[in-house]
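Please find below my notes on the model you passed along, set out as numbered points. They move from a term used throughout to the overall form, and then to individual residues.

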Amino acid sequence: MIRPTTSVSQVKKAVSDCYLKPVTVKLNLGRNKFVTFPATVSGIYPSLFTVAPDDKNFLGKTAYSYSEILCGRVKLKAR
């Protein structure tokens, strides 16, 4: 569910503040499955952002849209 008090521009600002800084990414995969990994925000684009996982063997998706943060599928936390 989308939180009505947060807008996409606020999410973009928050993600751009984490640019090139270490973060912890928590992904909600559904059915009570979560993946948490350390990463660095490596790219900021108009409709998505990319993260570079610190683990070189990580095979997950590394590009996420800002709406995924609004919906709660992706959470970023500064380390």
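1. A residue is called buried when its relative accessible area is under 20%, exposed when that area is over 50%, and partly exposed in between. The model is a predicted one, and the points that follow should be read with that in mind. By this cut-off Cys18, at 18% relative accessibility, counts as buried, and for the protein as a whole 27% of the 79 residues fall into the buried class.

2. On the fold, the protein contains two helices and five strands, and their order along the sequence is α-β-β-β-β-α-β. Helix H1 covers residues 8-17 and helix H2 covers residues 66-71, while strand E1 runs over 22-30, strand E2 over 33-44 and strand E3 over 48-53.

3. On overall dimensions, the C-alpha trace spans about 35 × 30 × 20 Å along its principal axes. The radius of gyration is 12 Å, and because a compact globule of 79 residues would have a value near 12 Å, the protein agrees with that expectation. Of the contacts in the protein with a separation of 6 or more, 42% are accounted for by residues 24 or more positions apart.

4. On the surface and the charges, the protein exposes about 5300 Å², of which carbon and sulfur atoms supply 58%. There are 13 positive and 4 negative charges, and the mean positions of these two sets are 7 Å apart.

5. Why are Cys18 and Cys71 not joined in a disulfide? The search of the whole structure finds zero disulfides, and a disulfide requires a pair of cysteine sulfur atoms within 2.5 Å. The closest cysteine sulfur to that of Cys18 belongs to Cys71 and is 19 Å away, which is too far for a bond. Cys71, for its part, is in no disulfide, its nearest cysteine sulfur being that of Cys18. As for accessibility, Cys71 counts as partly exposed at 41%, whereas Cys18 counts as buried.

6. Glu68 deserves a separate remark, since this acidic residue, found in helix H2, has a relative accessible area of 12% and is therefore buried. Leaving aside residues up to four places away in sequence, Glu68 touches Lys61, Ala63, Arg73 and Val74.

7. Two residues stand out for their backbone angles. Most residues other than glycine have a negative phi. Leu20, however, has a positive phi of about 60° although it is not a glycine, and Arg31 likewise has a positive value, near 50°. Leu20 is found in the loop between H1 and strand E1 and Arg31 lies in the loop between E1 and strand E2. Are these two loop residues buried or exposed? Leu20 has a relative accessible area of 57%, so it is exposed, and Arg31, at 78%, counts as exposed as well.

8. Ser16 lies in helix H1 and, with a relative accessibility of 32%, counts as partly exposed. Its C-alpha atom is separated by 6.7 Å from that of Ile44, although the two residues are 28 residues apart along the chain.

9. Which residues does Pro46 touch, once those up to four places away in sequence are set aside? They are Lys12 and Tyr66. Pro46 has its place in the loop between E2 and strand E3, and its relative accessibility of 68% means that it counts as exposed. The C-alpha atoms of Pro46 and Ser65, which are 19 residues apart along the chain, are separated by 9.3 Å.

10. Thr50, finally, has its place in strand E3 and counts as buried, at 18% relative accessibility. Its contacts, again not counting residues up to four places away in sequence, are with Thr40, Val41, Ser42, Gly43, Tyr45, Thr62 and Ala63. Ala63 is also one of the residues that Glu68 touches.

Notes
Residues numbered from 1 in each chain as written. Predicted model: local features only at pLDDT ≥ 70, side-chain atom pairs only at ≥ 80, totals over all residues. Heavy atoms only, no water. Helix = DSSP H or I, 4+ residues; strand = E, 2+ residues; numbered from the N terminus. Rg over C-alpha atoms; globule rule 2.2 N^0.38 Å. Buried < 20%, exposed > 50% of the residue type's maximum accessible area, 1.4 Å probe, protein only. Contact = heavy atoms within 4.5 Å. Areas by Shrake-Rupley, 256 points an atom, 1.4 Å probe, with all protein chains shown as cover. Lys, Arg positive; Asp, Glu negative; His and termini not counted. Charge placed at Lys NZ, Arg CZ, Asp CG, Glu CD.
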